[in-house]
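Here's a quick walk through this model, starting at the ligand and moving out to the helices and loops. Have the structure open as you read.

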Amino acid sequence: MNGVRSVTTNQDSIHKDLEKTVRKYARTQYMRPIALHTQEAFEQAREKILTWAGQSDIASIPVVLDSGCGTGESTVHLARRFPDCAVLGIDKSEVRIGKSGDPSHAGPEGIPANAFWIRAELLDFWRLVLDDHWDVRYHAVFYPNPWPKQSECTRRFHMHPIFPTMMQLAPVTELRTNWEIYAQEFRGAVGILGEESKTIPELASLRGIRAELSTLQPDSPETAFERKYAAAGQSLWRVMVNR
Ligand SMILES: C[S@@+](CC[C@H](N)C(=O)[O-])C[C@H]1O[C@@H](n2cnc3c(N)ncnc32)[C@H](O)[C@@H]1O
């Protein structure tokens, strides 16, 4: 894992284009066609959740999303924390998601029955979840790829056209990062989107959205990257978004 080093960046504060980018994407719809493999993964995940709940209406099942779950350790923690929810870890990396559900992640209690994993592209998966009206109660986004070069900024979730969709998924979103500027930008992007939502009918559900930034000192790391960062003595940040 090459994530142990601190983030190397040519940016020393919030990206100069943050505001105009978030405002632009608040007013446009992200239209990239859904990849077939993610559509199929979505159907599989949906089926797993319905089977676990013994129900036929996906909108009536409380769900937690663990987006970019990597090897899926955080999904196990979240499944214990939200025992009444189906907790779904999603990652596009075949290698990382292939390690999910490993009994070594769970200890003697074993892998919780409400923890599931699926390999998928988040940019597509999130749109499918929103269109299908899932009842997502909590959205964990732990240590997303930071894309720290200024020229890569539109690959950061909060400067990407997917951001309005991402923020509409759940009433609570928790972002964790080892790059303070990413956390500051994310918090700022939430504020800008909240302003835009006042005049955009499609974003009405985001009126009143707010974000709080704090440092994070986990007693025991909940993800593989968090463990590496903690061992390297790095500072960690959390942004809690509520709407
Ligand atoms: C830095 S790792 C963090 C993994 C895990 N959350 C952890 O803390 O150990 C970021 C993860 O996000 C996944 N990822 C990044 N962009 C993604 C996307 N668009 N769709 C699905 N997974 C993505 C990567 O494959 C990678 O496993």
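A residue is taken as near a molecule if its C-beta atom, placed from the backbone, lies within 6 Å of it. Keep in mind that what you're looking at is a predicted model.

**Around the ligand**

Which residues come nearest to the ligand? The shell holds 20 residues, and Gly-68, Gly-70, Lys-92, Thr-223 and Phe-225 are the ones that come nearest. Two elements, helix H5 (122-131) and helix H8 (224-231), each give two or more residues to that shell. H8 has the largest share, with three residues. As for chemistry, the shell splits into eight nonpolar, seven polar and five charged residues.

**H5 and H3**

H5 also has a buried side to look at. Its buried residues are Leu-122, Asp-124, Phe-125, Trp-126, Arg-127 and Val-129. What do they pack against? The partners are helix H2 (36-53), strands E1 and E2, strand E4 and helix H6. Just past the end of H5, His-133 takes a positive phi of about 60°.

Now turn to helix H3, residues 73-81. This helix is mostly covered, with seven of its nine residues buried. The buried ones are Glu-73, Ser-74, Thr-75, Val-76, His-77, Leu-78 and Ala-79. They pack against strand E1 (62-67), strand E2 (86-91), strand E3 (115-119) and strand E4 (135-142), and also against H8. So H8 turns up again here: it is a packing partner of the buried residues of H3 and it gives three residues to the ligand shell.

**H1 against H7**

Packed helices are described by the angle between their axes and the distance between the axes. For helix H1 (residues 18-26) and helix H7 (residues 180-197), the angle is about 45° and the axes are 9 Å apart. Roughly parallel would need an angle under 35 degrees, and roughly perpendicular starts at 65. H1 and H7 are therefore oblique to each other. The crossing of H1 past H7 is right-handed.

On the H1 side, the contact is made by Leu-18, Glu-19, Val-22, Arg-23 and Ala-26. Across from them, H7 brings Glu-185, Gly-188, Ala-189, Ile-192, Leu-193 and Glu-196. Sorted by type, the contact has six nonpolar residues, one polar and four charged. If the spacing in those numbers looks familiar, here's the background: an α-helix has 3.6 residues a turn, so residues three or four places apart point the same way.

**Loop residues worth a click**

The loop between E4 and helix H6 (163-168) holds Tyr-143, and Trp-147 is found in that loop too. Tyr-143 has a positive phi although it isn't a glycine, and Trp-147 has one as well, again without being a glycine. Ala-232 sits elsewhere, in the loop between H8 and strand E7 (236-242).

Are these residues buried or exposed? A residue needs 20 or more other C-beta atoms within 10 Å to be buried, and 12 or fewer make it exposed.

| Residue | Phi | C-beta neighbours within 10 Å | Class |
|---|---|---|---|
| Tyr-143 | about 60° | 22 | buried |
| Trp-147 | about 45° | 19 | partly exposed |

Ala-232 has 12 C-beta neighbours inside 10 Å, so it counts as exposed. To finish, try drawing a line from Ala-232 to Arg-27: they are 205 residues apart along the chain, and their C-alpha atoms are separated by 41 Å.

Terms used. Residues are numbered from 1 along each chain as its sequence is written. This is a predicted model: local features need pLDDT of at least 70, side-chain atom pairs count only at pLDDT 80 or more; totals for chains, interfaces and linings use all residues. Helices (H or I, at least four residues) and strands (E, at least two) are DSSP runs, numbered from the N terminus. Ala, Val, Leu, Ile, Met, Phe, Trp, Tyr, Cys and Pro count as nonpolar, Asp, Glu, Lys and Arg as charged, and the others, Gly among them, as polar. Axes are lines fitted to C-alpha atoms, for helices over the stretch in contact, and angles run from 0 to 180 degrees between N-to-C directions. Angles under 35 degrees count as roughly parallel, over 145 as roughly antiparallel, 65 to 115 as roughly perpendicular and the rest as oblique. A crossing is left-handed if the near helix is turned anticlockwise from the far one by less than a right angle, and right-handed if clockwise. Two residues are in contact if their C-beta atoms, placed from the backbone, lie within 7 Å.
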